[in-house]
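I opened this one with a fresh notebook page and a cup of coffee. Here is what I looked up, in the order I went through it.

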Amino acid sequence: MSTSWAGGTDAIIERMEQMTSLFVEETRKSMYKGASATHCEECGEEIPESRRLAIPCKYCLACQTKLEKSSK
Ligand SMILES: [Zn+2]
């Protein structure tokens, strides 16, 4: 009886998840082009793998924070 409704909800959730992952993907792409650097382009500090995997990044956390603040 309620299978069509349940199916519809699943479809909506699935679409939302797709949109969310697409949005995350686009955000990542717009932030940096290409793959993460293994070392910070600013200070040469090695970027932790966990950070590189989380977002494609060129800078260590300290330099990233500094650059974001100075760009505003
Ligand atoms: Zn750095």
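Confidence came first, since I am working from a predicted model. I found a mean pLDDT of 81 for the chain, with 78% of its residues at 70 or more. I then checked where the confidence sits: it is lowest in helix H1, residues 3–31, at a mean of 77. The highest value belongs to helix H3, residues 61–70, at 92.

Next I noted the fold elements. I read three helices and zero strands in the chain, and the order along the sequence is α-α-α.

Then I turned to packing. The chain has 72 residues, and I see 7% of them counted as buried. For contacts between residues at least 6 apart in sequence, I get 19% joining residues at least 24 apart.

I picked Cys63 for a closer look. I located Cys63 in helix H3, the helix with the highest confidence in the chain. Is Cys63 buried or exposed? My entry reads partly exposed, because Cys63 has 18 C-beta neighbours inside 10 Å, and a buried residue would need 20 or more. Leaving out residues up to four places away in sequence, I list Cys40, Glu42 and Cys43 as the residues that Cys63 touches. For one of these, Cys43, I also looked up the spacing: Cys63 and Cys43 are 20 residues apart in sequence, and their C-alpha atoms are 7.5 Å apart in space.

My last stop was Pro48. I found Pro48 in the loop between H1 and helix H2, the latter covering 49–54. Why did I write it down as exposed? Pro48 has 11 other C-beta atoms within 10 Å, and exposed means 12 or fewer. I also noted that Pro48 and Leu61 are 13 residues apart along the chain, with 9.2 Å between their C-alpha atoms.

How values were computed:
Residues are numbered from 1 along each chain as its sequence is written. This is a predicted model: local features need pLDDT of at least 70, side-chain atom pairs count only at pLDDT 80 or more; totals for chains, interfaces and linings use all residues. pLDDT is the predictor's confidence in each residue, from 0 to 100. Helices (H or I, at least four residues) and strands (E, at least two) are DSSP runs, numbered from the N terminus. Two residues are in contact if their C-beta atoms, placed from the backbone, lie within 7 Å.
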